[in-house]
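Subject: Structure for you to look at

Hello,

Here is the structure I promised to pass on. Please open it alongside this email.

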Amino acid sequence: QIYIYRNEILGGQIKIDVRLNGSEVGKTLQNTYMVLEVPPGKHKIESESENTSTLELTTEKGKNYFVWQEAKMGMWLARNKLQIVDEKTGKDGVLECKRIQTVK
């Protein structure tokens, strides 16, 4: 499983699109997270707002991965950056957020 979370106030009401392997999976807002069920192997996560941030990740069976979607000030919209974080940091961040549905 891949947890993608956004636990910052900055740019909170601006939706940021998230794609997995080229397909849209949802849009994050302030203090939200999504869970992506993925098979083991290589995956490409992209999030797009004023900029596009890309993270490539190789997953293993039975392991959880935590990706922090950092929001920053932009010229017109929020900018963003995807970052893999350790399990403790990720779990703490997810606990601050509300789960959102992903696109099937």
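Below is what I found, sheet by sheet. One caution: this is a predicted model.

The five-stranded sheet

This open sheet has 5 strands in the order 8-7-1-4-9. The pairing is mixed. Strand 8 (79-85) and strand 9 (98-99) are the edge strands. Each has a single partner strand, so one side of each is left without a neighbour in the sheet.

Look next at strand 1 (residues 2-6) and strand 7 (residues 65-72). They pair in the parallel sense, over 4 bridges. To find the pairing on screen, start at Ile2: it stands opposite Tyr65 in strand 7.

Helix 1 (residues 87-95) packs on this sheet. The helix touches strand 1, strand 4 (32-36), strand 7 and strand 8. Its direction makes about 55° with that of strand 1.

The four-stranded sheet

The other open sheet has 4 strands, ordered 3-2-5-6. Here the pairing is antiparallel. Strand 3 (23-28) and strand 6 (52-59) stand at the edges. Again, each has a single partner strand, so one side of each lacks a neighbour in the sheet. Neighbouring strands in this sheet are turned by 25° against each other on average, direction ignored.

Strand 5 (residues 41-48) runs antiparallel to strand 6, and 8 bridges join them. Use Glu48 as your marker there: it stands opposite Thr52 in strand 6.

Best wishes

How values were computed:
Residues are numbered from 1 along each chain as its sequence is written. This is a predicted model: local features need pLDDT of at least 70, side-chain atom pairs count only at pLDDT 80 or more; totals for chains, interfaces and linings use all residues. Side-chain values use heavy atoms; hydrogens and water are left out. Two strands pair if DSSP finds at least two bridges between them. Helices (H or I, at least four residues) and strands (E, at least two) are DSSP runs, numbered from the N terminus. Contact means heavy atoms within 4.5 Å. Axes are lines fitted to C-alpha atoms, for helices over the stretch in contact, and angles run from 0 to 180 degrees between N-to-C directions.
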